[in-house]
Amino acid sequence: MFEVAKLELLIAKRNLWVAISITLMVLFTLVLTLAGSAPTGTLGVDPIIIAATSITTLSVYFVPLLALLLSFDAISGEIERGTLALSLTYPLSRAEILFGKFLAQLAVLAVAIGLALLLTAIISLLLNKGVSMSFTPLIWLFFTSILLGASFLGLGYMVSALVRQPSVASGLAIVIWLVLVILYDIGLLGALVADNGGFFTKSIFPWLLVFNPADAFRLLNMPDIANNVLSSGLGAAKSVTNNIYSFISLLLWPAISLLLAWLVFRKVEP
Amino acid sequence: MSALIVESVSKQYGSHRVVKNISLKIEAGERVALLGHNGAGKTTLIKMMLGLVPMSSGTISMLGEIVGSRKARKLSGYLPENVAFHGSLTGREQMHHFAALKSIAKKTADEILERVGLSHAIDRRIGTYSKGMRQRVGLAQALLGKPKLVLLDEPTSGLDPISRHDFYDIIEELSGGGTMVLISSHALTELETRMDRVAIMSNGQMVANDRIENLRQHANLPIRINIMASDKSAELIAKNLNGKRINGHIVELFCNGDEKINLLKRISNMKEKISDIDIAPASLEELYRFYSAPKNEEGEQSNV
């Protein structure tokens with residue numbers, strides 16, 4: 001398993017796409033931190049909270065995309081190259097192959113997210129000398145981002161094992177991203193408007209929100225109500241839904257998606 | 001104990017039977033060529049031998065171990081058809097990875113890369129390799145850990161004639177050391193002298209499985225005799241021997257094995273008109289065409 005992870009890290013290190021996406025992630029975070037730092041002085045809000053909130057909105061889109069783009073090729077690419085058949089003739093189980101890849105790509109995600117957030121912390125410190133701030137939101141953002149990324153890595157592997165061609169897998173990965181990250185929210189919003197504060201809004205909507213890993217991630221990283229300068233529509237849902245459910249959802253998603261990926265991968269004939 | 005025992009193995013995809021009731025036994029140190037047209041089921045059969053593809057029915061064992069088990073995987077080496085390793089790794093990195101999976105020292109892996117003639121490119125990325133070089137990496141990894149069974153799917157495709165020669169030398173070394181070698185290939189001429197036995201598949205069935213000499217005898221294909229006539233006597237030779245003139249000075253004759261001696265006697269009677277003679281028994285290619293022809297499917301040809 002660790003041998004597979006080692007090889008994947010070696011490949012990732014030389015992968016241009018990985019380098020580009022880490023750079024993009026860091027650059028975006030940099031811009032958000034700098035742009036977000038302007039108004040805080042007058043409002044008297046912890047600049048870290050402002051930065052973390054902006055980065056949360058970015059990460060909700062970017063982390064799943066990065067995870068899917070890392071993972072869609074993992075199995076279909078090996079089928080196409082013929083190396084999967086080869087790997088499976090070595091004393092190595094399918095679970096080990098899958099988990100080895102997962103470990104390596106999770107490490108890549110952690111580096112991308114970690115670098116970006118570290119930079120945020122440093123810039124915030126430099127720009128706001130003497131202002132008291134807590135870095136807890138950034139640490140929390142780091143761990144939840146990794147959970148979010150892990151969920152989509154698993155979904156990426158599932159897609160990759162489901163179709164044999166990397167090109168089809170990449171298309172499906174984009175569809176998953178569109179549906180879970182964008183269309184899901186639009187659908188919920190539409191339902192909310194139509195329902196006009198009825199049963200759906202009060203009883204079903206919060207659970208649907210918690211069920212989606214991207215929304216669970218968003219809920220977990222929104223600032224507390226007391227501190228809610230940037231409160232959005234989601235703030236209301238947060239008061240209804242306990243944070244603990246969002247956290248459980250985000251913890252379960254990586255496990256469930258990996259399990260699904262393994263179930264599909266188990267049946268693949270190389 | 002036989003190195004590989006395949007017993008009435010079939011594979012079905014939906015209603016399509018790709019492999020039909022195949023039995024095959026290969027002993028340690030034996031070199032067997034698996035021949036067949038594209039889609040005959042060779043690759044599927046090999047994949048079943050490795051436990052990569054589940055069988056619909058039948059059993060396969062490697063030195064008594066169930067195929068696909070960890071023990072069997074440690075005993076075998078495999079080269080898939082058209083394998084392409086990740087282009088951003090170097091030959092050495094890729095080999096060290098495979099060596100680690102089989103718990104083999106890195107030094108041994110480097111030695112094998114040297115043995116297949118890759119020492120000059122060992123630290124270059126596989127993306128820059130030619131097809132023949134990639135094929136050598138594939139062969140090298142199949143040799144890791146001194147396997148008792150080596151299964152090679154189209155191993156010589158993309159290799160130049162000299163590399164092919166080196167390749168068969170390695171195969172000879174292997175079989176000399178008691179390793180069973182199964183090669184699936186289309187390159188019939190080069191297999192003819194290098195293999196101990198030939199198995200021919202056609203439409204998922206095993207239509208022949210024997211030593212080349214026995215296949216020849218059984219098929220009883222005509223022997224081809226080419227007579228090079230000395231000046232201007234080609235027409236006469238062709239008439240006398242009932243042969244066919246294929247150009248100004250060559251006459252082609254066909255005869256069965258039992259007529260050969262008599263015919264040669266008649267030819268030698270005209271020796272002053274003949275400059276040279278060339279006798280060729282049915283080549284593997286002709287045998288292959290004979291055995292894989294559709295008529296064999298009806299069972300007119302008993303499976304040897």
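**Group meeting: a first look at chains A and B**

Good morning. The secondary structure of chain A comes to 13 helices and 0 strands. I should say at once that we are looking at a predicted model. Read from one end of the sequence to the other, chain A follows the pattern α-α-α-α-α-α-α-α-α-α-α-α-α. Chain A has 270 residues, of which 42% count as buried. As for its contacts with a separation of 6 or more, 83% of them are between residues 24 or more positions apart.

Let me turn to one pair of helices in chain A. Helix α1 covers residues 2-13 and helix α7 covers residues 94-127; the two pack with their axes 7 Å apart, at an angle of about 40°. The helices α1(A) and α7(A) are therefore oblique to each other. Their crossing is right-handed. Which residues make this contact? From α1(A) come Phe2(A), Val4(A), Ala5(A), Glu8(A), Leu9(A) and Ala12(A). The residues from α7(A) include Ile97(A), Gly100(A), Leu103(A), Ala104(A) and Val108(A). By character, the residues of this contact of α1(A) with α7(A) divide into 10 nonpolar, 2 polar and 3 charged.

Staying with helix α7 of chain A, I draw your attention to Val111(A), which has its place there. Is Val111(A) buried, exposed or partly exposed? With 14 other C-beta atoms within 10 Å, Val111(A) is partly exposed. Along the chain, Val111(A) and Ile22(A) are 89 residues apart, while their C-alpha atoms are separated by 8.0 Å.

I come now to the meeting of the two chains. The contact takes 18 residues from chain A and 23 residues from chain B. On the side of chain A that touches chain B, the elements that give two or more residues are α1 and α6 (83-88). The residues of that side of chain A divide into 10 nonpolar, 4 polar and 4 charged. Helix α1 of chain A thus appears twice in this account, once in its packing with α7(A) and once on the side that touches chain B.

Finally, the nonpolar cores. The largest of them holds 146 residues. Among the members that touch the most others are Tyr157(A), Met49(B), Ala140(B) and Leu151(B). What does Met49(B) contact, leaving aside its neighbours within four places in sequence? Its partners are Leu4(B), Val6(B), Ile60(B), Val67(B) and Leu151(B). Apart from the largest core lies another, of 8 residues, including Ala229(B), Ile237(B), Val251(B) and Ile267(B).

Thank you for your attention.

Methods. Residues numbered from 1 in each chain as written. Chains lettered and ligands numbered in written order. Predicted model: local features only at pLDDT ≥ 70, side-chain atom pairs only at ≥ 80, totals over all residues. Axes fitted to C-alpha atoms, helices over the stretch in contact; angles between N-to-C directions. Helix = DSSP H or I, 4+ residues; strand = E, 2+ residues; numbered from the N terminus. Parallel < 35°, antiparallel > 145°, perpendicular 65-115°, else oblique. Left-handed = near helix turned anticlockwise from the far one by under 90°. Contact = placed C-beta atoms within 7 Å. Nonpolar A, V, L, I, M, F, W, Y, C, P; charged D, E, K, R; others polar. Buried ≥ 20, exposed ≤ 12 C-beta atoms within 10 Å, placed from the backbone. Core = buried A, V, L, I, M, F, W, Y, C linked by C-beta atoms within 7 Å.
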